[in-house]
Amino acid sequence: MKNTFILGIEGTAWNLSAAIVTETEIIAEVTETYKPTAGGIHPREAAQHHAKYAASVIKRLLAEAKEKGVKPSDIDGIAFSQGPGLGPCLRTVATAARMLSISLGVPLIGVNHCIAHIEIGIWRTPATDPVVLYVSGANSQVISYMGGRYRVFGETLDIGLGNALDKFARGANLPHPGGPKIEAYAKNAKKYIHLPYVVKGMDLSFSGLSTAASEALKKAPIEDVCYSYQETAFAMVVEVAERALAHTGKKEVLLAGGVGANTRLREMLNDMCEARGAKFYVPEKRFMGDNGTMIAYTGLLMYKSGNTLSLEDSRVNPSYRTDDVKVTWIQEGKMKRVPEISPGTSLKLGEMLDNGAEAIVYLEEGPEGKKILVKERVPKAYRYKEIDERIRVERNRTEARLMSEARRHGVSTPIIYDVEDFKLKMQYIDGVPIKYLVTPEHSEKVGELVGKLHSAGIVHGDLTTSNLLLAGERLYLLDFGLAYYDKGLEARGVDVHVLFQTFESTHRNHEALIEAFKKGYQRTFIDSEDVLKRVEEIKKRARYA
């Protein structure tokens, strides 16, 4: 059988890189990297760099391929990074791709840059259906495949982790790229310095952390600040990856993106996966950063599934989202089904009910033989001890206080019986998480519940269908560990955005669920329209802006 040969060109930011691949082999790859004389990337200068070197990169690539017996006439398609990325860079690369497509008489293939990082990782490791932690300069996302798309479970609400590290590095007068320098300094640290840890459900925020780290430099040695920055930021992304694992029931984690070259981040992810009995995969280091091979290989998958572009449809998209892409090359019938807990499962005393990202949950016998639910926040080996203990104590106290406050405002929650440092003892409710059976009718009730919560000035912080329990006709809201008081539009908008992301990432009828939620929410919360408008704004925010 004839091999398929795809030429791919990457050029979303720093790297101009081109490669030719087949189904099983990398034929050739040539890269030219833009290096600014000072500061961070300048989009116009990077585009000028790509324009200057595009012809020579392609010429060298074809020469290398010829040495391996591959001629230009063997090439079946031209793939290019269509987005997301810096507009001037994307347009330069797209122009080069169109010219090659016309001159060789072969189709164009527009590749999503983020998905290319996933597919190269799956190609170059044993992973088959992973939760992907994708951390690069501009992107920080937790992604997994479901229902014909790569769904985004969580992502940064402001800047990407790589850009946050670079921003801090520039303030510390460290040369670009900042990540390796920060990693090197961190290895000589003597102590940890407290920095803000910001996880909102499945979403993250790094801008405050970066600013706080820059301020800390005025009082502490750079080694200690670099160490503390890494321990805090990496614990945040590992926690969200663990939340996605717990929510989906999947058993693989794949690390992708340039920040993934950091050794400490890999150690932390490996610790988390070992604790959960999951497999952890990382491709070779050369495939962690932006490269032409990942575009060529993803282009090959798309080409073979008939997913090509006409010239008229080949416009670039600087804000091209991962979940906008219809994944035509995965045959869902061949994917392993994730085993689910039966809604009718009967629980015994002492048996673990749940091993969530936040805590383990089990039953014990209380006064008069009554069943009591115990939620125990166990240590996380991947987190620095001081961060871990502080988070577990804070979340335990917050959960008890805000759960009781929510009840006073008409939100159904379990009754709290006892609070210890790392344990909560509460009413056992014999119900089923609605993630197993959610319907638009349930979603409308969820909307009513969240409307009451927001009316009380409480933001839940982790609104997912795993944290909503149906018992008979009554719906209970659980897990207030990330809850806080806030009457601002942004906080409420992020709260609802997290829930909508969960609908979109794990439920096939997500559009009906979202519309039903809005009905219930509007019924019980007077400012619902403003919040729902903010949700749309949050969803449209482009990380490259």
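Helices here are DSSP runs (H or I) of at least four residues, numbered from the N terminus. Keep in mind that this is a predicted model.

**Exercise 1.** Find out how many cavities of 30 Å³ or more the structure holds, and give the volume of the largest.

*Solution.* Start with the count: three cavities make the 30 Å³ cut-off. Then take the largest cavity, which comes out at about 60 Å³.

**Exercise 2.** Work out which helix gives the largest share of the lining of the largest cavity, and how the lining residues divide by class.

*Solution.* First, list the lining: Glu239, Ala357, Glu358, Arg377, Val378, Lys380, Tyr382, Arg383, Ile391, Arg392 and Arg395. Next, go to helix α10, which spans residues 385-408 and supplies three residues, the largest share. Finally, sort by class: seven are charged, four are nonpolar and none is polar. Tyr goes in the nonpolar bin under the scheme used here.

**Exercise 3.** Now do the second largest cavity: find its volume, its lining residues and the helix that gives the most to that lining.

*Solution.* The volume is about 40 Å³. Around this cavity you'll find Ile9, Leu16, His50, Ala54, Val57, Ile58, Thr92, Val93 and Ala96. Two helices, α1 (43-67) and α2 (87-104), each chip in at least two lining residues. Of the contributors, α1 gives the most, with four.

**Exercise 4.** Sort the lining of the second largest cavity into nonpolar, polar and charged.

*Solution.* His and Thr fall outside the nonpolar and charged lists, so they count as polar. The tally for this lining is seven nonpolar, two polar and no charged residues. Set beside that the largest cavity, whose lining has seven charged residues and no polar ones.

Terms used:
Residues are numbered from 1 along each chain as its sequence is written. This is a predicted model: local features need pLDDT of at least 70, side-chain atom pairs count only at pLDDT 80 or more; totals for chains, interfaces and linings use all residues. Side-chain values use heavy atoms; hydrogens and water are left out. On a 1 Å grid over the protein atoms alone, a cavity is a set of points where a 1.4 Å probe fits but cannot get out, and a pocket is an open set with protein on both sides within 12 Å along at least five of seven lines; lining residues have an atom within 4 Å of a point. Grid points are joined across faces, edges and corners, and a volume is the space filled by probe spheres set on the points.
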